Amino acid sequence: MLRVAVMVSGGGTNLQAIIDAVESGRITNTEIVAVISNNKGAYALERAKKAGIRDIVVSPKDYTERSEFNKALVEVVDSLKVDLIVLAGCLVVIPPEMIDKYENRIINIHPSLIPAFCGTGFYGLKVHEEALKRGVKVVGATVHFVDKGTDTGPILLQKAVAVQDGDTPKELQQRVMEQAEWILLPKAIDLIANGKVAVVDGKTVIRK
């Protein structure tokens, strides 16, 4: 059984997609042991409560030094004895020591087809605003393993989504969530839970 902690910062729509997929059997061999938020007001914490999942807040605002927050976050994650950490709309910078400790055991969902519209400053609505400004015809989402760069880890899954004439950033964001993010993240967790993913020479290999 894959023990998963989901890290969040906001509304938790990707978290809900994971919870629903576990309940429906689209994600197998998996238990969500905790939801960790850096934001005390995140609605994702309510989603966790409703699903009977332990909710934990570790906020940088409660610590005078970033190093103290990093230490506290790593200690919480270690205490949960998880096999996989899923960043589902998590806007806090993951401590380097945690990335080292959980190498190839942290995945993130990003709302673009990496390497397009990714890296520092590209998150949330900003990604979709820039895509529309550039006039691209296809956008999408990417699930990747987390390394010490920003959106630079090995790519696990990607799915394309068409841009429609007259799209606003909000409309495009919603379509990317519905047609890509909420599908890819559960699929990635299920593949990992069933031993079908390996990272070899910095690239992912998916076994049949």
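## Pocket lining and salt bridges

Helix 1 (13-24), helix 4 (96-101), strand 5 (106-110), strand 6 (138-145) and helix 6 (169-193) each contribute at least two residues to the lining of the largest pocket. Do keep in mind as you read on that this is a predicted model. Beyond the pocket, the structure holds 10 salt bridges, and three of them, each set within a helix, are described below.

**The largest pocket**

- The volume of the largest pocket comes to about 950 Å³.
- Its lining is made up of 41 residues.
- If you would like a place to centre your view, C90, L91, N108, I109 and Y123 are the lining residues that lie nearest the centre of the pocket.
- Sorted by class, the lining of the largest pocket has 20 polar residues, 17 nonpolar ones and four charged ones.

**E46 and K49, in helix 2**

- E46 and K49 form a salt bridge, with 3.8 Å between the closest N and O atoms.
- The two residues are three apart in helix 2 (residues 44-50), so about one helical turn separates E46 from K49.
- Both ends of this bridge are partly exposed: E46 has a relative accessible area of 36%, and K49 has one of 46%.

**K71 and E75, in helix 3**

- In the salt bridge between K71 and E75, the closest N and O atoms are 2.9 Å apart.
- K71 and E75 sit four residues apart in helix 3 (residues 66-80), which means that about one helical turn lies between them.
- K71 is exposed, at a relative accessible area of 52%, while E75 is partly exposed at 46% relative accessibility.
- The cut-off for exposed is over 50%, so K71 at 52% passes it and E75 at 46% does not.

**E130 and K133, in helix 5**

- The side chains of E130 and K133 also meet in a salt bridge, at 3.3 Å from N to O.
- Because E130 and K133 are three residues apart in helix 5 (residues 125-134), they are separated by about one helical turn.
- The partners fall into opposite classes: E130 counts as buried at 19% relative accessibility, whereas K133 counts as exposed at 64%.
- Buried means under 20% relative accessible area, so E130 at 19% qualifies.

**A shared network**

- Salt bridges with partners in common link E46, K49 and D55 into one network.
- As general background, side chains of opposite charge can pair when their charged atoms come close.

Conventions. Residues numbered from 1 in each chain as written. Predicted model: local features only at pLDDT ≥ 70, side-chain atom pairs only at ≥ 80, totals over all residues. Heavy atoms only, no water. 1 Å grid on protein atoms, 1.4 Å probe; cavity = no way out; pocket = protein on both sides within 12 Å on 5 of 7 lines; lining within 4 Å. Points joined across faces, edges and corners; volume = space filled by probe spheres on them. Nonpolar A, V, L, I, M, F, W, Y, C, P; charged D, E, K, R; others polar. Salt bridge = Lys/Arg side-chain N within 4 Å of Asp/Glu carboxyl O. Buried < 20%, exposed > 50% of the residue type's maximum accessible area, 1.4 Å probe, protein only.
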